[in-house]
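The following note is offered to a colleague who wishes to review the fold at the level of strands, helices and single residues. Please read the points with the structure in view.

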Amino acid sequence: MCCSWLGDGGALAAGEARLAMIPEKMRQLLPEVELDPSVISVLLCSSTVAFLVLKWMVKKLVQQKMWEARRNRVRALGQMEEAVQQFKQENPEVQASRILSLPLVELVKKLKENSLSPESVLYTYMDKALEVNRDVNCVTDFIQECVHLLQEVRTQREKGLLYGVPISIKDPIGYEGHVSTCGLGQYLGYPEREDSVLVKVLKKQGAIPFVKTNISQCLINYDCSNLIFGRTVNPLNHKKSPGGSSGGEGALIAGGGSVLGFGTDIGGSIRLPSSFCGLCGLKPTGNRLSGPVSYVQTVTGMVGPMARDVDSLALCMRALLCDDMFHLDPTVPPLPFNEAVYSSSTPLRIGYYDTDGYFLLPPCMRRAVHETRTLLQEAGHTLIPFVPPRIDYVMNELFMKGLFADGGAALLEKFELDTVDPNSCSQINCYSLPFLLKKILAFLTKPLFPRFSSYLNALCGVWSPKEFSELHAALMIYRREFLSGWRNLDLDVILCPVLGPAFTLGYPGRLIAAVSSTMLYNVLNFPAGVVPVTTVTEADEENLKHYTGHYGDPWDRRLRQAVEGAVGLPVAVQCVALPWQEELCLRFMKEVERLAQGQKKQTEENLQHGEAQADFHTEGQSDVQAQASRTTVQTNILMDVQRTLAQTDLVADVQTDVQKPGSQTDLLADVQLHGHPQSSGPDMQPDVQTELSQPDTETQPCQPETQRQPSQPDVQTQLTQPEVQPDVQTQLTQPEVQPDVQTQLTQPEVQPDVQTQPSQPDMQPDVQTQLTQPDIQPDVQTQPTQPDIEIQPTQPDVQTQPSQSDVQTQPDIETQPSHPDMQPDVPTA
């Protein structure tokens, strides 16, 4: 064994000697050159400069491509507008509002019945899309081929389920001849060579893609902004984000510019825009539909539809899950749409929760879950509390670490030739921190900011292939744990919150961890959909002031700031089913939508009923006020009669006639002859009585009209009642009273004797002289028939005491107007 060992040692020594001779032989082959240190420094500097110049030139080229892309978009939208204007001139009879108001199901029905032409529908939506784009900046490209595709659709032998429907698609979805930019300038100039499988199937079903929509840069943000096409805003509130990364789709559909659209979802990019914009969106099970290739294997991404209602989503899935899809992409399982499950009415066992324990959502989102739970219980479904396990672990150790398993190297490589969008700067800066610095910051921030500490640790990624394998194993273990809790409760579906309401612009990039409510079902690979159920109220906004979150850390405070000022914006809930059960998920979404719409309709009916009662009450008051205004005019006429009597010295005649029985006719004749001859017209007839026997009189009009007796004079002075006659006599026979009336008409300084005091500006004066016909008196009463309006005089209007000698000293008529429109003809101070 020793000899053997020595032999091995000698061979080893010989090998080392041969290796040592290689550098010597190399030096003999190469020419001898003496290197000057200055030359080496020059070479290094020139190489560095050359590298920087090359990098600058590449960035300059990328910027030029971006400018060219913007010009191309302007040119394409101009062509789109020209086509629309030409169609509108040739077809002025097209009713655009009627087309835009139709749900997808009814729109397809009318297209197949030929009651609507595909041309009219396409150009109507093109026109509306241009309008919405001018408002919110959501369209990135016009697909000119839609005009030719329109003719192909009309010649199809069989009309597909989406026959003649114009649709919009998200930027990354491939369309032949058009660029999928992903919000990065380096991808410009490389158009797609063929349609994606999704687009091919849509065309076979008769759909017409006509625009592509805006996204967030590199699809890593749930805002919607990039340096090529700019920022997209929420059509419901321009200070708010439409969500992302499918924010362009959400904004266009919510604005009415598209009836059906498609987005992608790897952490909530379909559901978040649907929540922010008040739409219905479905994230199917991974690979249920053929979609863009994802470079992330640990977190499942997929493509899915977005629309205004659940029936539109169901129709879309029914059209896509066909033999064409299964043939063009064999990796898609051949599972046609299960109509029986979607149309079933069997009561469901529904698990629910209003918080996942990691990010406490705003009060309005939790309220939406509880209100929906109550509606579902009343509809006969069984609601069971459910607690999703270990969401903090899922968020950091499974989602973030799986998404950035390489420490973010692949993502950061995309930005070497592109400038980072300001809305993504906080994310990219955090991802680009050196590994060691991330670890140090995570250690230092753990006591005060534990969520951020775990987040930084997750961004470090995995260290080795072994750790990556362990990550996959941990993912499978968690899925089994979640399914075990689901099965133990025998659940069919789950009702849970979704992030919302719409964030203020700029906040999504600073709250990437807030997507815990949606990312969970990307990790689990469960189908999940979003349905709007209510809106943010003033009470929600008030409750938000007391929001502290689960941790009370800077992220919770930032979330409160992000959702402030959202009154009136949509509030949605999330509906979840088990993998490959999209039909059950849609059925659950439909049930939630039906109940929420029924509740909304009932609320609106109650409000309308209350408003109708208020309007009726107001209308009654208006009628009374109008009658009082007419009565006031008539009262002023009577005052004119008194003034004329005083001016023409008819007081003596009136005194004589009052003392004679049956002298009313003669008195009336004198009044008509010497007073106002025109007062006998129908519009000048007085309708007011005055109760002079009561010291406090509440006078209100109760009859809108008075029956006239054409055989009798129009104006009569009723002085035959015993309680009235002494008072009138006192007013007209006492020598002290007559000068008062004359003084009221001739001397302004004695005007306080004549005052009018109604308690409302337009209401009838409380005391008015009664010169009406005797037979009209029963129609006009001083006691109001409507107790709702009462005029309480502040002073006794008429104090009638004929048996006392002090009647001479009391004012005969007190009329105190409180409004300039109520001034009688007698001048008052």
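1. Two strands count as paired if DSSP finds at least two bridges between them. The model discussed here is predicted. By this criterion, β7 (residues 280-283) and β8 (residues 302-307) are joined by two bridges and run antiparallel. Within this pair, G281 stands opposite M306 of β8.

2. The pair belongs to a wider arrangement. An open sheet of 11 strands, with mixed pairing, follows the order β1-β3-β2-β6-β8-β7-β12-β13-β11-β9-β10. Because β1 (139-142) and β10 (382-385) each have a single partner strand, one side of each is left without a neighbour in the sheet, and these two strands stand at the edges. On average, neighbouring strands of the sheet are turned by 30° against each other, direction ignored.

3. On its other pairing, β7 meets β12 (residues 528-535) in the antiparallel sense, over three bridges. Here K283 is placed opposite A528 of β12. Strand β12 also pairs with β13 (residues 570-576), again antiparallel, and this pairing comprises seven bridges. In it, V530 faces Q574 of β13 as its opposite residue.

4. Which strands does helix α5 lie across? Helix α5 (residues 118-136) lies across β1, β2 (166-170) and β3 (208-213), and runs at about 5° to β3. Helix α6 (residues 146-154) likewise packs on the sheet, where it touches β1 and β3. The direction of α6 makes about 155° with that of β3.

5. Is helix α20 mostly covered or mostly uncovered? Helix α20 (residues 516-524) is mostly covered, with nine of its nine residues buried. The buried residues of α20 include the polar-lettered positions S516, S517, T518 and N522 as well as M519, L520, Y521, V523 and L524. Just after this helix, N525 adopts a positive phi of about 65°.

6. A loop position deserves separate mention. P330 is located in the loop between α11 (323-328) and α12 (339-342). Its relative accessible area is 68%, and since a residue over 50% is classed as exposed, P330 is exposed. P330 and S290 are separated by 40 residues in sequence, while their C-alpha atoms are 9.4 Å apart in space.

Conventions. Residues are numbered from 1 along each chain as its sequence is written. This is a predicted model: local features need pLDDT of at least 70, side-chain atom pairs count only at pLDDT 80 or more; totals for chains, interfaces and linings use all residues. Side-chain values use heavy atoms; hydrogens and water are left out. Helices (H or I, at least four residues) and strands (E, at least two) are DSSP runs, numbered from the N terminus. Axes are lines fitted to C-alpha atoms, for helices over the stretch in contact, and angles run from 0 to 180 degrees between N-to-C directions. Contact means heavy atoms within 4.5 Å. Buried means under 20% relative accessible area, exposed over 50%, partly exposed in between (1.4 Å probe, protein chains only).
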